[in-house]
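Student: I am new to this structure and would like to go through its charged pairs and its helix packing. Where should we begin?

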Amino acid sequence: MKSIVLILGIVLVLSCKDSPKVKQETEVNTIGESKNNNGTETDPEINITDFLEKGKLYTQSTQKILGKNLMLNLQKNGAVAAVEFCNERAYPLTDSMAIIYNAKIRRVTDKPRNLENQANGKELEYIEFFKAKVSNKETYEPILTTENGTTHFYSPIVTNTMCLNCHGTPIMNIDPKVTLILNTKYPYDKAIGYKENEVRGI
């Protein structure tokens, strides 16, 4: 059975809204390979619809469990608690969902807070693709590719108001206490300066 790898975005993945759901267009070239609507290759043997649905299920379920816990921390102790949650609990919770689905789940971005979340060259291209779509208010589907028998599913995370508590502009959106904690825990933090409806990562 082919394995599926899910690539998610941002540390506060659950505080942000899902991507629009639209039909993904594919085309088959002369050597029997498929390409999706952004030109990335897909395996003609896989059922694109099935893998898209699985990917969406995995991302939504992971977002739900992270979001529930994040919201409880925000409501109980504010944004400071949210930072502590993401620093200590986000990875274990994400890993637990990966075990449940027998998948590899990652969150990557072009502006990492944790350097382990830095996107690679291909992922940076996908982030730019989603940024263009969101900026131009165009519809899009998650990206589906295969490589060496492994299916990869890339889905964008788009910021909303709650995201800005930790990813917005210091003082304007981010409490000074939160900024102090972020500077201490993440001295190379690039994950600030966002506004609503911007792609934070994949």
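Student: Is E147 buried, partly exposed or exposed?

Tutor: The model is a predicted one. Buried needs a relative accessible area under 20%, and exposed needs one over 50%. E147 has 44% relative accessibility, so E147 counts as partly exposed.

Student: Which residue forms a salt bridge with E147?

Tutor: A salt bridge needs a side-chain nitrogen of Lys or Arg within 4 Å of a carboxyl oxygen of Asp or Glu. Here the closest N and O atoms are 3.7 Å apart, and the partner of E147 is K122.

Student: How many residues apart are E147 and K122 along the chain?

Tutor: E147 lies in strand β6, residues 143–147, while K122 belongs to helix α4. The pair therefore links distant parts of the chain, its members being 25 residues apart.

Student: What is the relative accessibility of K122?

Tutor: K122 falls between the limits of 20% and 50%, so K122 counts as partly exposed. Its relative accessibility is 41%.

Student: How far apart are the closest N and O atoms of K131 and D110?

Tutor: K131 sits in helix α4 (residues 121–135), and D110 sits in the loop between β5 (104–107) and α4. The two are 21 residues apart along the chain. They form a salt bridge, and the closest N and O atoms are separated by 2.5 Å.

Student: Is D110 buried or exposed?

Tutor: The limit for buried is under 20% relative accessible area. K131, with 26%, is above that limit and is partly exposed. D110 has 18% relative accessibility, so D110 counts as buried.

Student: Which residues are joined with D110 into one network?

Tutor: Salt bridges can share partners, and here such sharing builds one network. Besides D110, the network holds E128 and K131.

Student: How many salt bridges are there by this rule?

Tutor: Another pair is E138 and K133, whose side chains meet at 3.2 Å, N to O. E138 is partly exposed, at 36% relative accessible area. By the same distance rule, the count of salt bridges is eight.

Student: Is helix α2 parallel, perpendicular or oblique to helix α3?

Tutor: The axes of α2 (residues 79–88) and α3 (residues 90–101) come within 4 Å and cross at roughly 50°. Angles under 35 degrees count as roughly parallel, and 65 to 115 as roughly perpendicular. The crossing fits neither range, so α2 relative to α3 is oblique.

Student: How many residues of the contact of α2 with α3 are charged?

Tutor: F85, C86 and E88 in α2 meet A90, P92 and L93 in α3. Five of these residues are nonpolar and none is polar, and the number of charged ones is one.

Conventions. Residues are numbered from 1 along each chain as its sequence is written. This is a predicted model: local features need pLDDT of at least 70, side-chain atom pairs count only at pLDDT 80 or more; totals for chains, interfaces and linings use all residues. Side-chain values use heavy atoms; hydrogens and water are left out. Buried means under 20% relative accessible area, exposed over 50%, partly exposed in between (1.4 Å probe, protein chains only). Axes are lines fitted to C-alpha atoms, for helices over the stretch in contact, and angles run from 0 to 180 degrees between N-to-C directions. Angles under 35 degrees count as roughly parallel, over 145 as roughly antiparallel, 65 to 115 as roughly perpendicular and the rest as oblique. Contact means heavy atoms within 4.5 Å. Ala, Val, Leu, Ile, Met, Phe, Trp, Tyr, Cys and Pro count as nonpolar, Asp, Glu, Lys and Arg as charged, and the others, Gly among them, as polar.
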